[in-house]
Amino acid sequence: MGNSVGPNIKRLREQRGWSQARLAHEVCRASGVIGEPVGRQEVSRWETGRRTPREWLPFISAALGVSVDVLRAPLVPVDPPLPTLADFLPEGDPLSPADSRTGRRVGMVQVDDLQQRVHGLRLADDVLAGGDLIRPALRELRSAVKLYREGSHTSEVGRQLLRQIGELAQIAGWIASDAGQHSEAERIYRLGISAATQAEDHTLAGNIAGSLAYQLSNTGRESEGLTLAQAALHDAGNDAPPKARALYLDRVAWAHTKAGGVENGQAAIRALGEAGQAFSQDSAGTESPPWLYWVDAGELRVMESRVFTELHRPLRAVPLLRDVLRAYDATHTREMALYLSWLVVALADANEPEEAAAVAGQVISLASDIPSERTAERVRVIIRCLQNYEDVPEVAAFLAVNVI
């Protein structure tokens, strides 16, 4: 049959904006077979060439609205494809229904209850660190996956459950990452990308992928982080809400920054500008998912200031950070410590080591009781930074009681 069928199926599916699960459903419907003998994994095997869809080919063509000849057409050389999220899905399908669904009947009441718990966990993360939340977050995620896999529910309820699993995976992954459990966080994020993709919620999938990209960029996997951040932006499409596009572009900016080099630095600044333009399109009448509640002009300034700090442009970074910190909610202790740590570095770059040491003391005071690996790493960063000024009395006094 040739090796062009799989790529043609994938190309035509993506042109329609369908997930693999959606194509599987449409193929089953076109075939008229009772039940759904074709699932997402089978479509994946077709597209990757691991299995040839001989008897299913007429139904695939009917579902996609093209002739069989179009599916068999030779591939035309094209430019290298843009990155997609497909390569970041977990092995197998951890969300596949259990062989025998022995759980209870699940309806929208249970979905609404799960949604409230997810939102509560997200609000808790605003004021508590990953070390405090990791156990309840993982417990909620396991319970939600079990509910989906073992419960009996309609396809629409199943889709809404998948969406909540995706949201839960995003916040649970973020919590695990903050606690320093990066391998666990990556596994959770990939599960979330799968759930959101199957629910056909591309905006949510982009958010989860961007969260994983952020972790990769911060843990020595800068190239992967940049690829994934760009995939999150591209796959979400132009129809994503303005706040979401601003968030994706901020993560692209950070990924370019961490990748290093002059060209990436310029690309980072361009992405910051595009993020601002995207956010400016938001209005009171624009509909956005509830989980975007925290994305505002202040958060964009935070990322802008961090990018300029990392690029060693303190004249831009210091005023931005001071502006952000003046308006920030002091009850969010972890974030205050993190943002002050960036101010320490920017002040040191601006050749203001005395003030940098004073701010570093504030960071140490705030971070002392926060079980957050991100905060602990930032403390190590500012100590290393100030060691370059150890001949300054104020810095020497700080380093005398704070060592790595």
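How much of the protein chain is made up of buried residues? The points below start there and then go through some individual residues.

1. **Burial and the model.** Buried residues account for 51% of the 404 residues in the protein chain. Keep in mind as you read on that this is a predicted model.

2. **Overall fold.** As for secondary structure, the protein chain has 19 helices and zero strands. Its radius of gyration is 24 Å, close to the 22 Å that the globule rule gives for 404 residues, so the chain is as compact as a globular protein of that length. If you want box dimensions, the C-alpha trace spans about 80 × 50 × 40 Å along its principal axes.

3. **Contact range.** Take the contacts in the protein chain between residues at least 6 apart in sequence: 68% of these join residues at least 24 apart. Several of the residues below give you concrete pairs to look at.

4. **Surface and charge.** The protein chain has an accessible surface of about 19,000 Å², and carbon and sulfur atoms hold 50% of that. On the charge side, there are 43 positive and 52 negative side chains in the protein chain. The centres of these two sets are 7 Å apart.

5. **Asn-207.** Here's one to click on: Asn-207 sits in helix H10, which covers residues 202-218. Is Asn-207 buried or exposed? Asn-207 has a relative accessible area of 3%, which is under the 20% cut-off, so it counts as buried. Its side chain makes a polar contact of 2.9 Å with the side chain of Arg-251. Beyond its neighbours within four places in sequence, Asn-207 is in contact with Gln-170, Leu-247, Tyr-248, Arg-251 and Trp-291. Arg-251 therefore turns up both as the polar partner and in the contact list.

6. **Leu-247.** This residue picks up from the previous point, since Asn-207 is among the residues Leu-247 touches. Leu-247 lies in helix H12 (residues 242-259), and at 7% relative accessibility it is buried. Once residues up to four places away in sequence are set aside, the residues it touches are Asn-207, Leu-292, Trp-294 and Val-295. For a distance check, the C-alpha atoms of Leu-247 and Glu-167 are separated by 16 Å, with their positions 80 residues apart along the chain.

7. **Gly-158.** Helix H8 (residues 155-178) is where you'll find Gly-158. Gly-158 is buried, at a relative accessible area of 3%. Not counting residues up to four places away in sequence, Gly-158 touches Tyr-148 and His-153. Gly-158 and Gly-107 are 51 residues apart in sequence, and their C-alpha atoms are 8.9 Å apart in space.

8. **Ser-152.** Gly-107 comes up again here: the C-alpha atoms of Ser-152 and Gly-107 are separated by 8.7 Å, and the two residues are 45 apart along the chain. Ser-152 lies in the loop between helix H7 (130-150) and H8. At 27% relative accessibility, Ser-152 counts as partly exposed. Which side chain does Ser-152 join through a polar contact? The partner is Arg-105, and the contact between the two side chains is 2.9 Å.

9. **Ser-305.** Compare that with Ser-305, which lies in helix H14. Ser-305 has a relative accessible area of 0% and is buried. Leaving aside its neighbours within four places in sequence, it is in contact with Ala-317, Leu-320 and Leu-321.

10. **Backbone angles to look at.** Most residues other than glycine have a negative phi. Against that background, phi of Glu-200 is near 60 degrees, a positive value. Glu-200 is in the loop between helix H9 (182-198) and H10, and it is partly exposed with a relative accessible area of 29%. His-312 has a phi near 60 degrees too, again a positive value in a residue other than glycine. Where is His-312 found? His-312 is in the loop between helix H14 (297-310) and helix H15 (314-327). With a relative accessible area of 56%, over the 50% cut-off, His-312 is exposed.

Technical notes: Residues are numbered from 1 along each chain as its sequence is written. This is a predicted model: local features need pLDDT of at least 70, side-chain atom pairs count only at pLDDT 80 or more; totals for chains, interfaces and linings use all residues. Side-chain values use heavy atoms; hydrogens and water are left out. Helices (H or I, at least four residues) and strands (E, at least two) are DSSP runs, numbered from the N terminus. Buried means under 20% relative accessible area, exposed over 50%, partly exposed in between (1.4 Å probe, protein chains only). A polar contact is a pair of N or O atoms within 3.5 Å; within protein, one must be able to donate a hydrogen and the other to accept it, and residues adjacent in sequence count only if both atoms are side-chain atoms. Contact means heavy atoms within 4.5 Å. The radius of gyration is taken over C-alpha atoms; the globule rule is 2.2 Å times the number of residues to the power 0.38. Accessible areas come from the Shrake-Rupley method with a 1.4 Å probe; for residues, only the protein chains shown count as cover. Lys and Arg count as positive and Asp and Glu as negative; His and the chain ends are not counted. The place of a charge is taken as NZ of Lys, CZ of Arg, CG of Asp or CD of Glu.
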